[in-house]
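Open your viewer, switch on the cartoon, and keep the selection box handy. We will go from one selection to the next and look at what is there.

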Amino acid sequence: MSRSPPILLWFRQDLRAGDHPALSAAVATGAPIIPLYILDDETPGVWKMGGASRWWLHGSLDALDAKLRALGSRLILRCGTAREVLKHIATEVSAQGIYFTRGYSPHDAADENAIAADFKNMGVECRRFGGNLLFEPEAVRTKTGTPFKVFTPFYRACLTQGTAHETLNVPKAIPSPQAWPTSDLLKRWSLRPANPDWAGGLKEHWQPGSDGAKDRLETFLTERATTYPSDRDRPDREGTSALSPHLHFGEISPRQIWRQTMKASAESGTGDSGRTAFLREIIWREFSHHLLHHWPQISEAPFNATFKRFPWRSDEQSLDAWQRGTTGYPIVDAGMRQLWHTGWMHNRVRMIAASFLTKHLLIHWQEGARWFWDTLVDADLANNSASWQWVAGSGADAAPYFRVFNPILQGTKFDPDGDYVRRWVPELSNFSGRNIHAPWESSGGSSNYPAPIVDHKAARQRALLAYDEIRKK
DNA sequence: TGAAATGTTGGGGCG
DNA sequence: ACGCCCCAACATTTC
């Protein structure tokens, strides 16, 4: 039985079999394929995956392996510096090629180029594919050829580029090599927490893998899309798609989302303002990825250089209170506890909590970004960096710095009955109605719930003064 | 993808 | 009947 040498299919943040250009192209060659995932905690400059993400990754790799096995293949696991591991395994199996999906994080382009050069030297074909975005960063430009810095024109340019977004099917079968190289055992990677096992809440809320992603999307399109424009701002309701972790790990592609959503629109006949608003959020994701690609420093430094002089405070105690959800502001604390428990926070509440950290507490947005990086199952360098800078006021097309969220008003507006707060802050279960958002105003209600760590009005004034400092000079 | 301060308007109470 | 004041309610400006 003579078979041609295998192609390495390097999986990264594209843990799916459907709509996967690199996989489809590899299958089309007819060559045997070795699907490979590398746990890389070593390449310099790469943000090491956080705890919640690792938990997710375990389930996602498990699901991908099962999916591949159903197609007659399997997933090989290795750990180490991606570039070294790839060279090593390519030699080991006498690979004829390596195919993978490109990334958009700070060192991705350089690392991918180095890998391509390695393989060129070895005489092995190296092919890079898109697939994790609707539009490649090179393809969306202003009239003068520069990348967009403002969302709305970027959004319009995307819609002009096209909205068809064809998708690729799951291959019918994936040819195996004559012999499989060795693989690490997933369990040995210890991606899931043991002592203590804090992942109980995560298990309850999520089903990592592309089947889970598909379920989420279907549920969203059939049950939530219509009310999305208003309900997406209501943390007390399940109004959002909750697709973010699935998207981050590439268990579902933005093209699949786009196409399914358009299809649902065509079939329903009802107004599709909800679906339009939803797809707009998908374009926000594109925008963040393009920003990170063009300005890789936004994960480490303010996009707007003025903010280099911003007088951030160092305040361990307040940072700790924020992280634990004991700031004394119910909507903030509910969000931070939802995050700790489920690895996810409702987007409206992310904005409120982030505004509170950067403006009420004047703590650097990077502290918040780091915490989110470790605790979010959807932690994504592009979305996380761009969104934190957006809230902090230092980002591209950012909210003006003086836009300070009032956590009490935001609470009464978006959690009017207090259901969200009661769910995550049991100390306030005695409170009814909207006075739950300012429990210090009612007497005798709160037993063990902390008093506000800062006064809203004073903190707001302090934030505005801090802003004046960097604006004047 | 704000909030608070300030300005304007118009109905009603009242001398 | 009239003007004055008060103050919601809404609009605009400023932070």
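The expected span of a helix is 1.5 Å times one less than its number of residues. Keep that rule in hand for the first helix on the tour, and bear in mind throughout that this is a predicted model.

**Stop 1: a helix to check with a ruler.** Select residues 108-122, which form helix α4. With 15 residues, α4 should span 21 Å, and its end C-alpha atoms are indeed 21 Å apart, so expectation and model agree. Now step on to G123, the residue that follows α4; its phi is positive, near 75°.

**Stop 2: the domains.** Colour chain A in three parts: domain 1 (7-132), domain 2 (133-167 + 209-294) and domain 3 (305-472). Between the centres of domain 1 and domain 2 there are 25 Å. Where these two domains touch, domain 1 supplies 17 residues and domain 2 supplies 19 residues. What classes of residue are on the side of domain 1 that touches domain 2? There you will find five nonpolar, eight polar and four charged residues.

**Stop 3: helix α11 and its partners.** Show α11 (residues 273-294) together with α16 (residues 381-392). Their axes are 8 Å apart and the packing angle is about 90°, which makes the two helices roughly perpendicular. To see the contact, display R285, S288, H289, L291 and L292 on α11, then L381, A382, N383, S385 and A386 on α16. This contact counts five nonpolar, four polar and one charged residues.

As you look along a helix, a general point helps: an α-helix has 3.6 residues a turn, so residues three or four places apart point the same way.

Keep α11 on screen and add α5 (residues 151-161); the two axes come within 10 Å and cross at roughly 110°. An angle from 65 to 115 degrees counts as roughly perpendicular, so α5 is roughly perpendicular to α11. From α5, pick F151, F154, Y155 and C158; from α11, pick R280, I283, W284, E286 and F287. The classes here are seven nonpolar, no polar and two charged residues.

**Stop 4: DNA strand B.** Which residues are around DNA strand B? Select W284, A399, F402, R403, V404, F405, N406, L409 and Q410. You may recognise W284 from the contact of α11 with α5. Six nonpolar, two polar and one charged residues make up the surface near strand B.

**Stop 5: two backbone details.** Zoom in on N195 and P196, which are joined by a cis peptide bond with omega of about -5°. P196 belongs to the loop between α5 and α6 (200-205). Finally, go to D19, in the loop between β1 (7-11) and α1 (21-29). Its phi is near 50°, a positive value in a residue other than glycine.

Technical notes:
Residues are numbered from 1 along each chain as its sequence is written. Chains are lettered from A and ligands numbered from 1 in the order in which they are written. This is a predicted model: local features need pLDDT of at least 70, side-chain atom pairs count only at pLDDT 80 or more; totals for chains, interfaces and linings use all residues. Helices (H or I, at least four residues) and strands (E, at least two) are DSSP runs, numbered from the N terminus. Axes are lines fitted to C-alpha atoms, for helices over the stretch in contact, and angles run from 0 to 180 degrees between N-to-C directions. Angles under 35 degrees count as roughly parallel, over 145 as roughly antiparallel, 65 to 115 as roughly perpendicular and the rest as oblique. Two residues are in contact if their C-beta atoms, placed from the backbone, lie within 7 Å. Ala, Val, Leu, Ile, Met, Phe, Trp, Tyr, Cys and Pro count as nonpolar, Asp, Glu, Lys and Arg as charged, and the others, Gly among them, as polar. Domain bounds come from an automatic or database domain assignment. A residue is near a molecule or strand if its C-beta atom, placed from the backbone, lies within 6 Å of it.
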